[in-house]
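Here are my notes on the structure you asked me to look over. I've kept them as numbered points so you can check each one against the model.

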Amino acid sequence: MRNFIILVITIPLLTAFLLPLLKIFSKKLSNFCIGLNLILINIISFFLYKSILENGNIIYSVGASAPSITAPSGFPIRIILTANALSSFLAMFFTIIASLTFFYSLNTLKEYANLDKFYILYLLLLVGILGFLFVGDFFTLFVFYEISSISTAGLIVFLRNKENFKSTFHYLSIFSIGSLFLLLGIGLLYSQYGFLNMAIISQKIQLSFLDKIALSFIGSALLLKVGVFPFYFWKIEAYKVSPISAIILSILSSLSAIYVMFKIVFYIFGLNIPFIIALTLLSALSILFGNLLALAQKNLKKIIAYLAISELGYIILGISSGFLMQNSKFEFNAIKGGLFHIINDALDIGTLSLIIGVILYIAKIKNSLSYNSVSLQQNEIRGLAHKYPLLSISFLLVILALSGLPPLNGFASKIIIYESIFHLNPALTIIGVLGSILTLAVLIKIFALIFLGAPNRDYQPAPKIAMVVIFIFLSFMILIGLFPMQFTNYFINPSVKALISKPGYKNNIHLQQDNQEQNHSIIHLTLHSKQRYFNYI
Amino acid sequence: MNRVVKIISLIMLSPIIIFGGYIICHGHLTPGGGFQGGVVIASAIALLIIAFEDKIIKNHLFSLIETIGLTFFISIAFVGIFKNTFFYNFLSNTNYILGKTIYFGANSGYLNSGGIIPLMNLAVGVEVASALSFIILSIKNK
């Protein structure tokens, strides 16, 4: 039971390493193993969430039976993972989406070569996402940041066109700077306090000027991973050329980076108000800019990227304005809206990109390079509603959900955000509603150009498993939209409480401090033995 | 390459590989370890690749060895789960293989100690050596 938290991270890692060996025997065996692995981590993360709701938070130290048993000098220098209700719920939800996306890509990507390498990188990116959720010390945070950045670069280059190499170079050069920023921030904290453990640093931190510099470095590196307004350029370049399943996993990694960012800002830096005000402004700007720039685009994958940026803006707007209204009755609701929108964003943007992937598949537009020459205005794809009624109905439902119209899930979370941020500043609500209207305009334009009109050429039959995956996503969306109260009561409210209350490893820190006093004698002994060693020489 | 380079590289091959193996085996006692020793071994293979330009060595052989090293590394970590936790050092202080109990104070270094750390070093060494050779080979074949 205790080991579930590490199994969620390491089972995909083991499978990723085993895949080249399995490929020798047969291709079907390796695909079967990936599917089995994803279903297994779904089950494990479900039981992890259940046990956290029953028994409270989990602190797991890698290599020792308890976190208080540390290195001989008493410092908590082990890799420490922590899980609360929010992170385990997100892990459960993200693994469900990642496994559904895997079954989707089995159906739509099968014509490409080197698929085994694609799935290795897919699993490694999943490891990075899940690791971000459970991370408990800064060094492990850096490692998972690197894992997810590098595996995303591999996924972007997968189609191996000229544009892919260009985008990957762009991505890698941005993220090498980003990871250096993160390392610099971590180094500033480590040089002051001598610890990497988040819980210990949160106790010892003095919020000096140097700490604020460290916060700005770490925060900007994580905002780069999230990809909100001033940091979004890599996202457009990357989404333009990568396969649909890579886009969905990249969205999930942005969402987990949001969680890590708020965890660091809230737990360690004790709510740095200027940083949170900056976050609120940036998120409002990314809602506006994402939607306005999406209106001007012709490439479908670029439109996904811009809409994803604006939806991330809603999430950050909800959570950060909730933190700004601390100790008022709207704090809980605003954060609830933001966290609820994490789920809805992943479902809505995920379904939109799945449908666009099916459109590209049935129009025989194989790789992204040839698609760049196909613009919406040239009417290359037209009249899909005649032959694919189910696809067009699901696209209509996605339009309703993304622009926040009542019977679907987008409405349920956006209305909470609007109502609660109105008490912070009515202008923010106006920006939010305006963003939703612009989203509606973007999607209606796509619907009119692609689905309506007379069909102009022959299209392939729609891939069956992919359609089933889209229907599963849609059924989640409709269920959440019809029963939002029940969903928030069961899943979101425990998560909000977990984010607002300080994490449960506070008790544990006391244990570690007791241990330090005990181990003081050991430090003394080591010094003594060093003396003896020098005498011996 | 001409005959002098070929013969000198063949002569130097075994000392370099032995030195790399030494660094890997003494990873838990001295500075160095799996990564450094693996790089030294990969430099020997790079020497072979440059001296003998024929495509004797296949790419996928290296990637297979690399995979075996990685799988060995993570499966040792998984064995720890059955004993206690992930990465638990289940071999140390057992007075059996790699498990000599080290008493407090100065010593000259016992090779038969460290538990799973020497095994991890070995796995990392195999992985790094084959991965770097793979990179060098693919640069040369381009």
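**Notes on the model**

1. Let's start with a backbone detail: A:Lys364, which comes just after H13(A), has a positive phi of about 60°. Keep in mind throughout that this is a predicted model.

2. Now the helix before that lysine. H13(A) runs to 33 residues and spans 47 Å from first C-alpha to last, close to the 48 Å expected at 1.5 Å a residue. There is a bend, though, of about 25° at A:Asn344. The helix is also mostly covered, with 30 of its 33 residues buried.

3. H13(A) turns up again in the largest nonpolar core. That core holds 213 residues, and the members touching the most others are A:Ile5, A:Leu130, A:Val228, A:Leu252, A:Met261, A:Ile304 and A:Ile355. Helix H13 (residues 330-362) of chain A supplies the largest share of this core, 18 residues. Both domain 1 (1-270) and domain 2 (272-504) of chain A give it at least three residues each.

4. Pick one of those well-connected members, A:Ile5. What does A:Ile5 contact, leaving aside its neighbours within four places in sequence? The list is A:Leu48, A:Ile58, A:Tyr60, A:Leu81, A:Ala83 and A:Phe134.

5. On to chain A as a whole. You'll find 21 helices and 2 strands in it, and 54% of its 537 residues count as buried. Taking the contacts in chain A with a separation of 6 or more, 81% join residues 24 or more positions apart.

6. Chain A is divided into domain 1 (1-270) and domain 2 (272-504), whose C-alpha centres lie 23 Å apart. Their contact takes 45 residues from domain 1 of chain A and 49 residues from domain 2 of chain A. On the domain 1 side, the elements giving two or more residues are helix H3 (85-108), helix H8 (209-226), helix H9 (233-241) and H10 of chain A. H10(A) makes the largest contribution to that side, 12 residues. By class, the domain 1 side has 32 nonpolar, 10 polar and 3 charged residues.

7. Helix H11 (residues 273-296) of chain A is worth a look too. With 24 residues, it reaches 35 Å from its first C-alpha to its last, close to the 34 Å expected at 1.5 Å a residue. Its buried residues include A:Ile276, A:Leu279, A:Ser283, A:Gly290 and A:Asn291. What do the buried residues of H11(A) pack against? Three helices of chain A: helix H10 (244-268), helix H12 (300-324) and helix H18 (426-450).

8. Next, the contact between the chains, which takes 17 residues from chain A and 17 residues from chain B. On the chain A side, helix H1 (4-25) and helix H21 (506-536) are the elements that give two or more residues. H1(A) has the largest share there, 8 residues. The chain A side divides into 11 nonpolar, 5 polar and 1 charged.

9. One last residue, this time in chain B. B:Phe78 sits in helix H3 (residues 59-83) of chain B. Why is B:Phe78 partly exposed? Because 17 other C-beta atoms lie within 10 Å, and a residue needs 20 or more to be buried and 12 or fewer to be exposed. The C-alpha atoms of B:Phe78 and B:Tyr88 are separated by 8.7 Å, with the two residues 10 apart along the chain.

How values were computed:
Residues are numbered from 1 along each chain as its sequence is written. Chains are lettered from A and ligands numbered from 1 in the order in which they are written. This is a predicted model: local features need pLDDT of at least 70, side-chain atom pairs count only at pLDDT 80 or more; totals for chains, interfaces and linings use all residues. Two residues are in contact if their C-beta atoms, placed from the backbone, lie within 7 Å. Helices (H or I, at least four residues) and strands (E, at least two) are DSSP runs, numbered from the N terminus. Ala, Val, Leu, Ile, Met, Phe, Trp, Tyr, Cys and Pro count as nonpolar, Asp, Glu, Lys and Arg as charged, and the others, Gly among them, as polar. A nonpolar core is a set of buried Ala, Val, Leu, Ile, Met, Phe, Trp, Tyr and Cys residues joined through C-beta atoms within 7 Å. Domain bounds come from an automatic or database domain assignment. The expected span of a helix is 1.5 Å times one less than its number of residues. The bend at a residue is the angle between axes fitted to the seven residues ending there and the seven starting there.
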